[in-house]
Amino acid sequence: MSAVGSAALRPPVAPSPARHDWTREEVLALLDLPFTELVFRAAAVHREHFDPTEVQISTLLSVKTGGCPEDCAYCPQSSRYHTEVDATKLMSTEDVVARARQARDAGASRFCMGAAWRSPKDRDIPKVAAMIREVKALGLETCATLGMLTDTQAQALKAAGLDYYNHNIDTAPEYYGEIIHTRTFQDRLDTLEHVRDAGLKTCCGGIVGMGETREQRAGFLQALATLPAHPDSVPINRLVPVAGTLLADTPELDPFEFVRTIAVARILMPRSMVRLSAGRESMSDELQALCFTAGANSIFYGDKLLTTGNPDTEHDRRLFERLGLQPMHVQVGAPATDPGCGEDCQCVATAHAAITGAATHAAA
Ligand code: SF4
């Protein structure tokens, strides 16, 4: 889309201010709106803050898989469940950097490194810090998800150049005890506080379709929207039931309910990147299009999402083309809530070329 066409999609109105005092009743009332009205409102909020034709692209690599002592009921990486996931050791920095380079060349602007730990040991931090430094040197934004962090660990990762830290609240406070028993909701909040205090941007969301009620989904969204600062990125995962886990036989969430969750997340956290994450592989193109219409503006891109599948990059490229979407321009170091700096630099040209197949001036 041309610059003129793209700019015309943003109405000349002052963006509504972000609120941090949403009540449970207000959130539930939004979820209860007639579907078309809810999507319309979410789309209007989306346009106040972002170009609705742009989607931010992240790639996620599992740098240490399986063998996790935690008991998250949905997770095939927990050592408590018999799944097909084999535990691995921490990858070498060299291998991680090679995968990050591939991700960048395939169009990603952010590279997330995930390790299946309850929390990293202090001796792990220098190894992860080395990965962060080298991935950042490729011109990528960096993100890590390593479990619970102390304040000093968060500061060390920030010093290495980490941009984002992912730590999900997973679900509503009142449903949390049904899903995880080995750490508390407050533990999650404490790690998020350490992350914010270290000056890292937060990536925080959860999983829907784990058997929770609509009211509990309201509780989950309210908990996110009333954090001291809205997460910069809000991954909304749809449960991927994995054989061997406690949630293997959970019935699928109504797809419209998933879209409602996306739409309300957009309304509550208007400046955040709302990300379609796990579960995207099992979504039709039409469902993904509805999610983008309802305010989702970020995806994980690549063929593997930790241990579950993800749509292949060629399919995503075709979907972007069919929907007239384009990769969001993200300048490394820019505020996460800034939809773009307007410069024609390497990050956008590379990403755009990789997704759309267009020619680029940028050298890899
Ligand atoms: S979700 Fe994370 S903390 Fe929970 S079992 Fe899986 S890897 Fe461990």
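Hi everyone, let's start with one residue, Arg 275, which sits in strand S8, residues 273-276. Please keep in mind that we are looking at a predicted model. Is Arg 275 buried or exposed? It is buried, because 24 other C-beta atoms lie within 10 Å, and the cut-off for buried is 20 or more. Leaving out residues up to four places away in sequence, Arg 275 touches Ser 233, Val 234, Pro 235, Ile 236, Ala 296, Ser 298 and Ile 299.

I picked Arg 275 for a reason: UniProt, in an unreviewed entry, lists it as "binding site" together with Cys 112, Cys 143 and Cys 203. These positions are spread over 164 residues of sequence, yet they cluster in space, with a largest C-alpha distance of 14.1 Å.

Let's visit another of them, Cys 143, in strand S3, which covers residues 141-145. Cys 143 has 25 C-beta neighbours inside 10 Å, so it counts as buried. Which residues is it in contact with, leaving aside neighbours within four places in sequence? They are Ser 58, Arg 110, Phe 111, Cys 112, Asp 163, Tyr 164, Asn 166 and Cys 203. You will recognise Cys 112 and Cys 203 from the UniProt record.

Now the ligand. Around it you find Cys 68, Glu 70, Cys 72, Cys 75, Gln 77, Ser 78, Ala 116 and Gly 147. Sorted by class, that shell holds 4 nonpolar, 3 polar and 1 charged residues.

Let me step back to the whole protein for a moment. There are 13 helices and 12 strands, and 48% of the 364 residues count as buried. If we take contacts with a separation of 6 or more, 78% of them join residues 24 or more positions apart.

What about the core? In soluble globular proteins, nonpolar side chains tend to be buried together. Here the largest nonpolar core has 91 residues, and Ala 144, Leu 157 and Ile 262 touch the most other members. Helix H10 gives the most to this core, with 8 residues. To see one of these core residues up close, look at Leu 157: beyond four places in sequence, it touches Val 128, Ala 129, Ile 132, Ala 144, Leu 162 and Tyr 165.

Next, please find helix H9, residues 214-225. At 1.5 Å a residue, its 12 residues should span 16 Å, and the end C-alpha atoms are indeed 16 Å apart, so the two agree. How many of its residues are buried? The count is 9 of the 12, which means the helix is largely enclosed by the rest of the structure. The buried ones include Arg 217, Phe 220 and Leu 224. The partners that the buried residues of H9 pack against are helix H2 (24-31), strand S6 (206-208), strand S7 (233-238) and helix H10 (255-268).

I'll end with two loop residues. Asp 170 lies between strand S4 (164-166) and helix H7 (176-179). Its phi is near 75 degrees, a positive value in a residue other than glycine. Asp 170 is buried, because 22 other C-beta atoms lie within 10 Å.

Lys 89, in the loop between strand S1 (54-64) and helix H4 (93-105), is exposed, because it has 9 other C-beta atoms within 10 Å, and exposed calls for 12 or fewer. Lys 89 and Thr 65 are 24 residues apart in sequence, with 7.2 Å between their C-alpha atoms. Thanks for listening!

Terms used:
Residues numbered from 1 in each chain as written. Predicted model: local features only at pLDDT ≥ 70, side-chain atom pairs only at ≥ 80, totals over all residues. Helix = DSSP H or I, 4+ residues; strand = E, 2+ residues; numbered from the N terminus. Expected span 1.5 Å × (residues − 1). Contact = placed C-beta atoms within 7 Å. Core = buried A, V, L, I, M, F, W, Y, C linked by C-beta atoms within 7 Å. Near = placed C-beta within 6 Å. Nonpolar A, V, L, I, M, F, W, Y, C, P; charged D, E, K, R; others polar. UniProt positions renumbered as here; feature names shortened; annotations may be inferred.
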